[in-house]
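Visitor: I would like a close look at one part of this structure rather than a tour of everything. Please take one helix and the spaces around it, and then set that part in the rest of the chain.

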Amino acid sequence: MRTVTQDTITEAFLATCSKEVDPRLRFILEQLANHLHQFAIKTGLTHEEWRKGISLLRKAGEISDDERDEFVLLSDVLGLSSLIDMINSAPDGTSSSVLGPFHILGAPALPVGGDLKRDNEGATVVIAGQVRDADGNPVRGAAMEIWQTADNGLYSNQDPTQPDYNLRARMTLGDDGRYALTTVRPAPYTVPTDGPVGELLHGMGRHPWRPSHLHFIITAPGYRSLVTELFPDDDPYLDEDAVFGVREDLIMEYREQKPGDPLPEGLEAADRLTDPYYRVDFDFVLVPEG
Ligand code: BEZ
Ligand code: FE
């Protein structure tokens, strides 16, 4: 196509794509070009506005490194990451939710019933439940990874005062799919605001807070891996998560308990629960692979 117009530019772009290209890639590019071109047309995008957008992307590249990915954060605050979670969540299983940038590999093993809280300050939480399938049967061979902030709202890899791998663990579950642990109640925190995403939030008049949450990755042979988070029902940011990660089925109650109340079997910290604490019960539902 020698000359293009607003009406033919999408078609002209698609004509550049070889017929040999993978059909899925071609479809994605077709949709991308279509929506991008329509976005510019419908907004009547000016050169100055286009330059601002490009500058945001350039700054995102400049501030990103092996430990920080500003593009993922941009996707998070735009709601794209959560939308992709929702599109790909199994309808019969526990909803998935954002992985976030603070997951690290190599968390130490914790036995079922283990104490993750150890010397951490803050309210004690006993969390227990089962990894099961949609029919209620235990999932065999499951492994659970958990990570969270300390009481100060920081992850161990953001806070030099915390020991390496503080409040991070990997638990191998038995054939009954049961898990239990003692931990500390996490705190709400803000997403990083010192880069272009912070500028964007500020420009939109938005706050950067996330409700407090516990992160999980649950895997089991023959089942789809689940990346998710659990949120307390009384968190002040539950209805305004900066990254849109909250789903109805991921909200749970922190029930106030007193010493002597029934505990999950074999809880390592049972003898140390001499003050009031919280109890959370939650079952994770996995769906078969494929
Ligand atoms: C987090 O939950 O750790 C997180 C998720 C998205 C952006 C920033 C932090
Ligand atoms: Fe988080």
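Guide: What follows is an account of helix α4, the pockets and the cavity it helps to line, and then the wider chain. The model is predicted, and each value below is computed from it.

The chain has six helices and 13 strands. Helix α4 covers residues 70-77. This helix is mostly covered, with six of its eight residues buried. Those six are E70, L73, L74, S75, D76 and V77. Two of them, E70 and D76, are of the charged class. The partners of the buried residues are three other helices: they pack against α3, α5 and α6. As a general point, an α-helix has 3.6 residues a turn, so residues three or four places apart point the same way.

Both ends of α4 have a local feature. At its start, a side-chain oxygen of D69 comes to within 3.0 Å of the backbone nitrogen of F71. After the helix comes G79, which has a positive phi near 90°.

Next, the open spaces. The largest pocket holds about 1200 Å³. Its lining is made up of 33 residues, and L36, F39, G53, L57 and L78 are the closest to the pocket centre. Helix α4 is among the elements that give two or more residues to this lining, together with α2 (23-43), α3 (47-63), α5 (80-88) and α6 (196-204). The greatest contribution is that of α3, at ten residues. Sorted by class, the lining has 19 nonpolar residues, ten polar and four charged. The largest pocket lies between domain 1 (9-45) and domain 2 (75-285), because both domains give residues to its lining.

The second largest pocket has about 610 Å³ of space. It is lined by 24 residues, and nearest its centre are E67, D69, G100, P101 and F102. Here the elements that give two or more residues are α4 and α5. The largest share comes from α4, with four residues. The class make-up of this lining is nine nonpolar, seven polar and eight charged residues. D69 therefore appears in two roles: it is one of the residues nearest the centre of this pocket, and its side chain reaches the backbone of F71 at the start of α4.

There is also an enclosed space. The chain has one cavity of 30 Å³ or more, and the volume of the largest cavity is about 80 Å³. Two buried residues of α4, L73 and D76, are part of its lining. The other lining residues are V98, G100, P101, F102, Y189, V191, P192, R210 and V243. Eight of the lining residues are nonpolar, one is polar and two are charged. G100, P101 and F102 line this cavity and are also among the residues nearest the centre of the second largest pocket.

Now the wider chain. The domain assignment gives domain 1 (9-45) and domain 2 (75-285), and the C-alpha centres of these domains are 39 Å apart. The C-alpha trace spans about 80 × 40 × 30 Å along its principal axes. Of the 290 residues in the chain, 44% are buried. Among contacts with a separation of 6 or more, 70% are between residues 24 or more positions apart.

Two residues from the strand-bearing part serve as a contrast in burial. N120 sits in the loop between β1 (114-115) and β2 (124-133). It counts as buried because its relative accessibility is 11%, under the 20% cut-off. The N120 side chain makes a polar contact of 2.8 Å with the side chain of N166. Beyond residues up to four places away in sequence, N120 touches A150, N166, L167 and V184.

T172 is in strand β4 (residues 168-172). With a relative accessible area of 59%, over the 50% cut-off, T172 is exposed. Apart from neighbours within four places in sequence, T172 is in contact with V112 and A142. The C-alpha atoms of T172 and A109 are 7.8 Å apart, although the two residues are separated by 63 residues along the chain.

Notes
Residues are numbered from 1 along each chain as its sequence is written. Chains are lettered from A and ligands numbered from 1 in the order in which they are written. Side-chain values use heavy atoms; hydrogens and water are left out. On a 1 Å grid over the protein atoms alone, a cavity is a set of points where a 1.4 Å probe fits but cannot get out, and a pocket is an open set with protein on both sides within 12 Å along at least five of seven lines; lining residues have an atom within 4 Å of a point. Grid points are joined across faces, edges and corners, and a volume is the space filled by probe spheres set on the points. Domain bounds come from an automatic or database domain assignment. Buried means under 20% relative accessible area, exposed over 50%, partly exposed in between (1.4 Å probe, protein chains only). A polar contact is a pair of N or O atoms within 3.5 Å; within protein, one must be able to donate a hydrogen and the other to accept it, and residues adjacent in sequence count only if both atoms are side-chain atoms. Contact means heavy atoms within 4.5 Å.
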